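I opened this model to look up a metal site, a sheet and any enclosed space. My entries are below.

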Amino acid sequence: MNEMSHGPGDRSRADAIQALAGVRGVLFDLDGVLYRWEQAIPGACEFVKFLADAGIPYAALSNNSQTGPENLRDRLARLGMHFPLERIITSATAAASYVAKLWPGSRVHVVGSSYMHQAMANVDVQCVGPDAEKADVVALGMSMDLTMVQLAEAVRMLRDGAELVATNPDAMLPVPGGFQPECGAVAALLEMAGGRTARFVGKPNPEFFTQGLAAIGRSAGETLMIGDTLEVDILGATQSGLCSAFVATGNPIEGEPDIEPTVFVDDLFELRRLLQAGRTG
Ligand SMILES: [Mg+2]
């Protein structure tokens, strides 16, 4: 690159290009990175196309347990981004795999969206309803249809010794006009009333990243995670040995963050320029 000036900004830009030069695979967070509501974020379509043209495999790791991979694939396609179904991994599918792996054949009581119920029905466990005398596991995902009665049933099962598995630790989800509580907030209620500690399977859990890496056939050291939430996307990437890019197109940063991504970028246009610069030398 021929730089016209050589201020400190150019130095950090050169460092960023170098830090990203070895990237051979990409994992995306979705909300706040590729879209917000039903709108593509500027630069997202161009970025995905750049990866496809460059032969860089990519997958999505979403903490959202309220929507299934088919819906997410269709939404991305409507917005102009092609994602194969097997490259879209949600915390609900991950929770189902996790429970089936740790406690095969166990009695699982699901509290969450219809998709969460469906994901759990697809694995080797026995789903039990609220009237069941006992459950081995309470599997919690988010749904805006949850009622206090349902949570009270889950609390009874937890008090009777059930394990608590939750999809994601996020406290809130930005929505048009404000925020909604997310799974982490409901899990806190169940932890407090049920006397159990939740195991969270979505980001930042490194096992979730392992599933994403398997989907693209890449190792952690050659893969870039792109996210808009320091506490889940960037923390999980760092703990899993991936490099990471924080894009400022989604969640606002709260307070003084002590989690550092490999690079901070304004948007995916900037990130594409950095990756291109590293590839062309
Ligand atoms: Mg996000």
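The entries follow in that order.

Ground rules: I worked from a predicted model, where local features need pLDDT of at least 70, side-chain atom pairs count only at pLDDT 80 or more, and totals for chains, interfaces and linings use all residues. Residues are numbered from 1 along each chain as its sequence is written, and side-chain values use heavy atoms, with hydrogens and water left out.

Metal site. I looked up the protein donors of the magnesium ion and found D29 (OD), D31 (O) and D228 (OD), 2.0 to 2.3 Å from the ion. Donors are N, O and S atoms within 2.8 Å of the metal (3.2 Å for Na, K and Ca); water is not among the atoms, so sites may look incomplete. I noted their spacing along the chain as D-x1-D-x196-D. D29 counts as buried because its relative accessibility is 9%, while D31, at 22%, counts as partly exposed. Buried means under 20% relative accessible area, exposed over 50%, partly exposed in between (1.4 Å probe, protein chains only).

Sheet. I traced 5 strands in an open, parallel sheet, ordered β7-β6-β8-β9-β12. β7 (126-127) and β12 (199-200) are at the edges with a single partner strand each, so one side of each has no neighbour in the sheet. Strands are DSSP runs (E, at least two residues), as are helices (H or I, at least four), numbered from the N terminus; two strands pair if DSSP finds at least two bridges between them. I found 4 bridges between β6 (107-111) and β8 (137-140), and V108 has V137 as its bridge partner in β8.
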